Structures are given as C-alpha cells and as structure tokens.
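Here is a short exchange on enclosed voids. Please look at the model before reading on.

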Amino acid sequence: MGHGGNVIDELVTDHREVEEMFGRIEALPSGHQDRKVYADQVTMELVRHSVAEEAYLYPAVREHVAGGDAIADQELQDHATAEQIMKDLEGCDAGDADFDRLMGMLMSEIRSHIADEEGNLFPRLRQACPMDALNELGDKVRKAKKTAPTRPHPAAPDKPPANKLLAPGTGMVDRLRDALSGRGKFE
C-alpha cells in the first residue's frame, strides 16, 4: 500500500500483491488455519483497493475514456460480486465446508477483473488521460486507501459523492475492529 507512481502503476502493484496472497492461500492445504489469515489480509487489501477505484478511477474513466460509463458500470458490477463473496467468506473459518468454495470463487472473480482492467481499461485510460491527471489520480488513490474500510460492506454506496463521504468513517471503525480482534495478523 502506498507504492507511488501514477494511478495505473499503483493499482497494478496492488494486483500483484493480491495475486501473491492468493498464491500463499493456494500453497496451503485445505483447512489450514493460515488460509483464513491470508483470506482476511486479501479481503482487507481488496476492499481498500476497490473503494479507491470507485472514488477516483471509475469517475476518471467516465470522464476520459470513450464508452467510459459502460466500462465503469461493469467494473462496479464486478466489485459488487466480489464484495458479496468476501462478505460470505468473512463468516467462515478455514475448516468450514464453504471456505474453499468461496475462496475459489473470489480468486476467479478477482483474477478475471484484474485481467480485464490490465488488458482493456488501463491501456484505454493511459491513452485518453493526460499523464499529469494519471499522476494526480495515483496520489488520490493512495490517500483513499489509507482511510478506506477494510471489511466488505455490500450495501455501502459505490459512487461519488456518497462513497467519498462515508468511506473514511467506516474505515476508521473497521481498522479499530481489526486492531481489537487481531484480524489479518498471524499469532
């Protein structure tokens, strides 16, 4: 988190970190307790990433990219699907029967989303958006991730201005809950 560079570089770095966490989960045997710790970590990163994209990336796509409304709407739909899976996964322990199924669904959804963003959306945005705007968006995304929620909230607004107003307060509550519970940390 907080890698630097323009918005595309920032988000691609996030994608690589999430893929690394997926690899750690896949390397562990089914039911291993560390799978839940990694699942919590990946959820925390994905929620922060998604909130930042919804607040800054997708409005820029709508503004700068031809057909941007349709692209942004599809990306928001992908986020909603992933967020519901994460919400369902939040209530599972690594040994629960549904854990592996939900984790597999989440990995598939996120990998597809990453491939679409990196293969379609990012190249189009890079071509259509001035570099100084991409750099400014990178700064805004980094700042948004610092205060964003860390838990899935499927009913929360996903479009400005409501998402920008509510995310910091929700994020503060989530980080407090994480600190008190030790969520996402190894013992």
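The turns below deal with cavities and their linings.

This is a predicted model, where local features need pLDDT of at least 70, side-chain atom pairs count only at pLDDT 80 or more, and totals for chains, interfaces and linings use all residues. Residues are numbered from 1 along each chain as its sequence is written, and side-chain values use heavy atoms, with hydrogens and water left out.

Q: What makes a void count as a cavity, and how many are there of 30 Å³ or more?
A: A cavity is a set of points, on a 1 Å grid over the protein atoms alone, where a 1.4 Å probe fits but cannot get out. By this rule there are 2 cavities of 30 Å³ or more.

Q: What is the volume of the largest cavity?
A: About 90 Å³. Volume here is the space filled by probe spheres set on the points, with grid points joined across faces, edges and corners.

Q: Which residues are closest to the centre of the largest cavity?
A: Leu 46, His 49, Ser 50, Ile 110 and His 113, out of 13 that line this cavity. Lining residues have an atom within 4 Å of a point.

Q: Which element gives the largest share of that lining in the largest cavity?
A: H4, with 4 residues. Helices are DSSP runs (H or I, at least four residues), numbered from the N terminus.

Q: Why are Lys 36, Asp 40, Glu 90 and Arg 183 in the lining of the second largest cavity called charged?
A: Because Asp, Glu, Lys and Arg count as charged. The lining of the second largest cavity divides into 3 nonpolar, 1 polar and 4 charged.

Note on methods
1 Å grid on protein atoms, 1.4 Å probe; cavity = no way out; pocket = protein on both sides within 12 Å on 5 of 7 lines; lining within 4 Å. Helix = DSSP H or I, 4+ residues; strand = E, 2+ residues; numbered from the N terminus.
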